[in-house]
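Hi everyone, thanks for coming along. I'd like to walk you through one protein chain today, starting from a single residue and working outwards. Have a look at the picture first.

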Amino acid sequence: MHALISGEQNVTVVNRTLERAQAIAADWQVPDADFQVAALPAHAAPWESAALVVNASSAGLNDPDQTPLDAAFLARVPAGALVYDMVYKPAETRLMREARAAGLNAENGLGMLAHQARLAFRAWTGADVPVEVFLDALNARPAREG
């Protein structure tokens, strides 16, 4: 999946293929929900009203210069919106750099990974450890051998 675009209580799913985006959107439909989920091709998505753009693809994971979204789409997103790249390694991807260059906020998926680790640790051990412990561990650099 390339992106989920959230704005005005609506979610738009964009994917390399419209058929896959439609299948994902159908899975997310909730009866009597206060929001709508739609699937659109990237060129027709409501970028101008997006408050959040999520990259849920692996683009950028193995090649930080690969991006799922052309900078032209980011230029249509309102200033101050958040671009959330679920990729957490490398810490900085081309998508994040281009989003910031367009005046947008950008975050990587490290926080999501830390929250997932916290929930898994609690499920396995019953201990509820603050998420900061996992963030610190994920941000720690290995000690250098001397």
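Let's begin with Ala26, which lies in helix H1 (residues 18–28). When I say helix or strand, I mean DSSP runs numbered from the N terminus: H or I of at least four residues for helices, E of at least two for strands. Before going on, please keep in mind that this is a predicted model: local features need pLDDT of at least 70, side-chain atom pairs count only at pLDDT 80 or more, and totals for chains, interfaces and linings use all residues. Residues are numbered from 1 along each chain as its sequence is written, and side-chain values use heavy atoms, with hydrogens and water left out.

So, is Ala26 buried or exposed? It is in between: Ala26 is partly exposed, with a relative accessible area of 49%. Buried means under 20% relative accessible area, exposed means over 50%, and partly exposed is what lies in between, using a 1.4 Å probe and protein chains only. Ala26 also has a partner to look for: Ala38 is 12 residues away in sequence, and the two C-alpha atoms are 8.1 Å apart in space.

Now the rest of H1. Its buried residues include Ala21, Ile24 and Ala25. These three cover an arc of only 100° around the axis, which puts them on the same side of H1. The arc here is that of the directions from the helix axis to the C-beta atoms. On the face turned away from that buried side you'll find the exposed residues Glu19 and Asp27. And what covers the buried residues? Strand E2 (10–14) and strand E3 (36–39) are among the elements that do; contact, by the way, means heavy atoms within 4.5 Å.

Between H1 and E3 there is a loop, and Asp32 lies in it. Asp32 has a positive phi of about 60° although it is not a glycine. Most residues other than glycine have a negative phi, and most peptide bonds are trans. Asp32 is exposed, with a relative accessible area of 81%.

Step into E3 and you meet Val37. Val37 is buried, with a relative accessible area of 8%. Which residues does Val37 contact, leaving aside neighbours within four places in sequence? They are Val11, Val13, Ala25, Trp28 and Gln29. Val37 and Gln9 are 28 residues apart in sequence, yet their C-alpha atoms are 9.3 Å apart in space.

Let's move to the other helix I like, H3 (residues 94–101). Its buried residues are Leu95, Met96 and Ala99. Seen down the axis of H3, they fall within an arc of 95°, so they line one face of the helix. They pack against strand E4 (52–55), helix H2 (71–76), strand E5 (82–85) and strand E6 (105–108).

E5, H3 and E6 make a right-handed β-α-β unit. Right-handed means that, with the strands pointing away from you, the path from the first strand over the helix to the second runs clockwise. In the loop between E5 and H3 sits Pro90, and the peptide bond from Lys89 to Pro90 is cis, with omega near 10°. After H3 comes Gly103, whose phi is positive, near 85°.

E5 and E6 run parallel and are joined by four bridges; two strands pair if DSSP finds at least two bridges between them. Along E6 the side chains alternate: Ala106 and Asn108 point to one face and are buried, while Asn105 and Glu107 point to the other and are not.

Next, the nonpolar cores. A nonpolar core is a set of buried Ala, Val, Leu, Ile, Met, Phe, Trp, Tyr and Cys residues joined through side-chain atoms within 4.5 Å. The largest one has 16 residues, and Trp47, Val53, Leu74, Val77, Val83, Ala99 and Leu104 touch the most other members. H2 and H3 are the elements that give two or more residues to this core, and H3 gives the most, with three. Apart from it lies another core, of seven residues, among them Val11, Val13, Val37 and Ala39.

Finally, zoom out. The protein chain has five helices and six strands, and 33% of its 146 residues count as buried. Thanks for listening!
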